[in-house]
Amino acid sequence: MKKYWKYFRKGKKLSEDKHFLSAQLGSSNELQKKGDRTEVLNLLLGLFDRPASYLEIGVRNLEDNFLKIESSIKLSVDPGLESDVNLADFKCTSDEFFDQFSKGELKEVPEKFDLIFIDGLHTAEQADKDIHNALKLISDDGFIVVHDCNPPSPYHAREEFSFQNSPAGVYWNGTTWKAFVKWRKNKDLYSCCVDTDWGVGVFSKRIPLGKPLALVNEFYEFKEFEKQKKDYLNLVSLEEFKKLIQR
Ligand SMILES: C[S@@+](CC[C@H](N)C(=O)[O-])C[C@H]1O[C@@H](n2cnc3c(N)ncnc32)[C@H](O)[C@@H]1O
């Protein structure tokens, strides 16, 4: 017993801890990548030869992304948990929005959306529900985009945002990656993840972005995911993505 206690007390300085350093490096690498979610979203909207409709789940500060979206028909949903003033069109959770939508209780909403951006609560369970519900509202040639699918370390992929005493600090991708990986197995969907801005996952029913995932990671272990991340996510560079959607 004494022996083990000695081992635990030994500890290491953070500057010597390879896990701490590699997670910090993960953040700085991610912040330096070319492009961002807005560029990916606008590229997709540019593919439509009709005025395309856009829905953003989780919008926070409009100027960060929503106002830069090039679409004349755009709507947003947010319960306002992270901003002083909630400027979302629908001030509620995504579950409440989808529920009201399905009951026909919402006025002045399109019948279908051409692009739905999921960036609300970053837990696997919520992202999974959001993808499931978004699929019911998306047009046949539309896209579902999911933010934060490529956490650079298990600390970025922690379950709790509020635990910030980790090498990832305030950066939080949560467990969204699990929902993205789960839906990548769906045989009716093509998907890829653009390697920018913490991973921008894209689903399409029409455009062959990538085949359904065949790999199995039954317990959604981060270590397993990390070993073959490129395959789990079908990770593509922004340049590769541009070629994929231009076919
Ligand atoms: C990461 S921010 C969104 C950032 C924004 N999409 C952008 O690109 O700049 C996450 C937002 O999701 C909202 N949110 C949290 N839980 C939610 C839920 N259940 N449904 C919808 N939005 C939620 C938060 O209030 C927060 O404003």
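**Exercise 1. How many helices and strands are there in the protein, and is the fold as compact as a globular protein of its length?**

Solution. The model is a predicted one.
Step 1: the secondary structure of the protein comprises 9 helices and 7 strands.
Step 2: for 247 residues the globule rule gives 18 Å, and the radius of gyration of the protein, 19 Å, is close to that value, so the protein is as compact as a globular protein of that length.
Step 3: the C-alpha trace spans about 70 × 40 × 30 Å along the principal axes.

**Exercise 2. Determine what share of the residues is buried and what share of the contacts comes from residues 24 or more positions apart.**

Solution.
Step 1: with buried taken as under 20% relative accessible area, 49% of the 247 residues qualify.
Step 2: among contacts with a separation of 6 or more, 63% involve residues 24 or more positions apart.
Step 3: the protein exposes about 14,000 Å², of which carbon and sulfur atoms supply 52%.
Step 4: for the charges, the mean position of the 37 positive ones lies 9 Å from that of the 40 negative ones.

**Exercise 3. Identify the buried residues of helix α4 and state which elements they pack against.**

Solution.
Step 1: helix α4 covers residues 94–102, and its buried residues are S94, F97, F98 and F101.
Step 2: these residues lie on the same side of α4, because the arc they cover around the axis is only 95 degrees.
Step 3: the partners of the buried residues of α4 are the strands β1 (53–57), β2 (73–77) and β3 (113–118), together with helix α5 (124–137).
Step 4: after α4 comes G104, which has a positive phi near 70 degrees.

Conventions
Residues numbered from 1 in each chain as written. Predicted model: local features only at pLDDT ≥ 70, side-chain atom pairs only at ≥ 80, totals over all residues. Heavy atoms only, no water. Helix = DSSP H or I, 4+ residues; strand = E, 2+ residues; numbered from the N terminus. Rg over C-alpha atoms; globule rule 2.2 N^0.38 Å. Buried < 20%, exposed > 50% of the residue type's maximum accessible area, 1.4 Å probe, protein only. Contact = heavy atoms within 4.5 Å. Areas by Shrake-Rupley, 256 points an atom, 1.4 Å probe, with all protein chains shown as cover. Lys, Arg positive; Asp, Glu negative; His and termini not counted. Charge placed at Lys NZ, Arg CZ, Asp CG, Glu CD. Arc of directions from axis to C-beta.
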